[in-house]
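The following exercises are to be worked through with the sequence and the coordinates at hand. Each task is followed by a stepwise solution.

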Amino acid sequence: VKPGNTTEVTVHQAGEMPSPVVLKVEFEAGGAAIKSMKNAEMIDENTAIVTWPASVWFSGNRTFKARLTFGKRKISKITLDPGGRFPDKNAADNIWTGK
């Protein structure tokens, strides 16, 4: 994750089944306006769900760089697969916090 207008999150696929990349992005309250992204849905004023299709894995790469272009609002937490829909041996490593 890096500050500025764009945040890049590296997602690693450890398993054999390609699945969509779903990130729940939680922002700190207040601050700069949150810019919209075409593959994102705001679920409240400080939280977005961003989705990329399973096809991001079809090239054979085991990592995917998810680019978040929400602007300068500070991100407090990012959760991979927030609904727990996809098989994962270690779901504990699916959360990043800015603390």
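**Exercise 1. Determine how many salt bridges a search of the whole structure finds, and describe the partners.**

Solution. Step 1: the search returns 1 salt bridge, the criterion being a side-chain nitrogen of Lys or Arg within 4 Å of a carboxyl oxygen of Asp or Glu. The model is a predicted one, in which local features need pLDDT of at least 70 and side-chain atom pairs count only at pLDDT 80 or more, whereas totals for chains, interfaces and linings use all residues. Residues are numbered from 1 along each chain as its sequence is written, and side-chain values use heavy atoms, with hydrogens and water left out.

Step 2: the partners are glutamate 8 and arginine 67, at 3.9 Å from N to O. Because glutamate 8 belongs to strand E1 and arginine 67 to strand E5, the pair ties together parts 59 residues apart in sequence. Strands (E, at least two residues) are DSSP runs, numbered from the N terminus.

Step 3: relative accessibility is 22% for glutamate 8, which therefore counts as partly exposed. Arginine 67, at 46%, is likewise partly exposed. Under the cut-offs, buried means under 20% relative accessible area, exposed means over 50%, and partly exposed lies in between (1.4 Å probe, protein chains only).

**Exercise 2. Establish the strand order of the open sheet and the pairings of E4.**

Solution. Step 1: the 5 strands follow the order E3-E4-E2-E6-E7 with antiparallel pairing; two strands pair if DSSP finds at least two bridges between them. Strand E3 (40–44) and strand E7 (95–97) are the edges, each pairing on one side only.

Step 2: E4 is joined to E2 by 6 bridges in the antiparallel sense, and valine 22 stands opposite threonine 51 of E4.

Step 3: between E3 and E4 there are 4 bridges, also antiparallel, with glutamate 41 opposite isoleucine 49 of E4. A hairpin of 2 residues connects E3 to E4.

Step 4: of the 6 residues of E4, 5 are buried, so this strand is largely enclosed by the rest of the structure.

**Exercise 3. Identify which strands supply the largest nonpolar core, and list the contacts of leucine 68.**

Solution. Step 1: this core holds 17 residues, and those with the most contacts inside it are Leu23, Val25, Trp52, Leu68 and Phe70. A nonpolar core is a set of buried Ala, Val, Leu, Ile, Met, Phe, Trp, Tyr and Cys residues joined through side-chain atoms within 4.5 Å.

Step 2: at least two core residues come from each of E1 (7–12), E2 (21–27), E4 (47–52), E5 (63–68) and E6 (75–80). E2 gives the most, with 4 residues.

Step 3: neighbours within four places in sequence aside, leucine 68 is in contact (heavy atoms within 4.5 Å) with Asn5, Thr6, Thr7, Val9, Leu23, Val25, Met37, Val50, Trp52, Ile75 and Ile78.

**Exercise 4. State where asparagine 61 lies.**

Solution. Step 1: asparagine 61 is in the loop between E4 and E5. With 47% relative accessibility, asparagine 61 counts as partly exposed.

Step 2: the C-alpha atoms of asparagine 61 and leucine 23 are 19 Å apart in space, and the two residues are 38 apart in sequence.
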